[in-house]
Amino acid sequence: MVGARCAGATTALLLARAGHRVLLLERATYPSDTLSTLYIHQSGVERLARWGLLDRIRQTGCPPLTTASYRVADVYLRGPAPTLPGVVGAFAPRRYVLDPILAEAAAEAGVEVREQTLVTGLTTEDGRVTGVRLRTANGAETTERANLVIGADGMRSTVAKFVDAPHYAEHPNLTCVYFTYWSGIPAHFEIYERTGGWVAAVGTHDDLTLIASYLPQEQFAQVRRDPKAAYLANIQATAPPLWERLAEATMAERLYGTGDQRNFFRQAHGPGWALVGDAGHHKDSINAHGITDAFHQSELLAAELTSGDDPSATINDPVRQQAALARFASARDTQMKPTYHTNLVTARLDPDPHLLSLLRAVQDSPELTERYFSVVAGILSPEDLFTRDLLARL
Ligand SMILES: Cc1cc2nc3c(=O)[nH]c(=O)nc-3n(C[C@H](O)[C@H](O)[C@H](O)COP(=O)(O)OP(=O)(O)OC[C@H]3O[C@@H](n4cnc5c(N)ncnc54)[C@H](O)[C@@H]3O)c2cc1C
């Protein structure tokens, strides 16, 4: 397994718990941060709970986000965050807290975890991947053999590059994002939208609130000349109530940002290799699906690789391995495509008039508001919103 964050550490954990022997390679040294606005949707939190990891995250002082709100044009929705069995609210843990917890849990399950280890290439025999080349912290070059190499190494995946995995759905970058952490401004999960701007606020560790500001990709070159001015101006224009509260708040960290918000699906597998998480499928971070989807993919991949009466044969027998990986790839595409397309719509930063009419009908009903936030959280499908009550209101 190459990469030990949301996708790699959790897939390794699940495979090891099912009895597989897993080597997890990570170039970083933990604890280490990564660009992220941190938000984990309820279905991701539910997986953490099922894997026995949610309590560890809560024990670090990460607050549950139990209220959600969404302001766009003349619409204001506010309601309790949807719940799933055993899950109260969403969470936004700092990545330098979350990712080490995932890697530690993998190690406890029997995974051999090696940090400061850079995968520099793959070994192959007769067109089949048979292992990795790697460089350790002291510069030593070596190889490791494996019946399956999984790239969980992020959007710029080196494993994908070495196997030349093609993209088969790709859309242009649509947004750029800057964010930082504020003290003195308690927040729940807050979203604000206007044509040409999107702002989100989430509470995280240490009583800090992360505020993220999304602007169109076309403005990135201009924004990066003075990101702080663009960041603040967008909050003022898109989220006036939040802007007023900022008068009492202090920026607690520097600004982080990126315009590299790619949208794609990559081929997910081949002989002796597979991709999981961002390595195989990436979308604009605006709807905050990456972590939740990485957990989802981990579970899909691990389920296929541990299925059958002899799970070790599923990995060791090349024919059975390819069949399992093909089922994973198909499930990944089917289950990730709806959110991929909704995400593209959001990332255009142009609220749809039909959606606004719908939201106007939703906002006066607490029940429909709760349903709407359940759709956002991925707990209900968009069709589930269209109750008799909503149709009558429309
Ligand atoms: C600005 C921004 C905001 C975001 N906000 C959210 C959010 O609010 N909610 C959400 O759910 N998602 C968010 N995301 C997306 C989310 O961070 C990713 O989807 C998620 O981290 C994917 O996890 P991953 O394990 O697939 O990849 P990554 O987190 O990218 O991890 C890949 C790992 O592989 C390692 N690696 C890479 N190459 C090698 C190599 N050759 N050898 C060894 N190790 C290697 C890297 O060091 C890294 O640790 C955001 C992303 C961005 C950029």
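Colleague: What makes the backbone atom of Y39 and the nitrogen atom of the ligand a polar contact?

Modeller: A backbone N or O atom of Y39 lies 2.8 Å from a nitrogen atom of the ligand. A polar contact is a pair of N or O atoms within 3.5 Å (within protein, one must be able to donate a hydrogen and the other to accept it, and residues adjacent in sequence count only if both atoms are side-chain atoms), so this pair qualifies. This is a predicted model, where local features need pLDDT of at least 70 and side-chain atom pairs count only at pLDDT 80 or more, while totals for chains, interfaces and linings use all residues. Residues are numbered from 1 along each chain as its sequence is written, and side-chain values use heavy atoms, with hydrogens and water left out.

Colleague: Which atom of R5 lies 2.8 Å from an oxygen atom of the ligand?

Modeller: A polar side-chain atom of R5 does. For A7, a backbone N or O atom lies 2.9 Å from a ligand oxygen atom.

Colleague: Why is the pair R94 and E253 called a salt bridge?

Modeller: Their side chains meet at 3.1 Å, N to O. The term asks for a side-chain nitrogen of Lys or Arg within 4 Å of a carboxyl oxygen of Asp or Glu, so the pair fits.

Colleague: How many salt bridges does the rule find across the interface of domain 1 and domain 2?

Modeller: Just one salt bridge, and the polar contacts there come to six residue pairs, both residues at pLDDT 80 or more.
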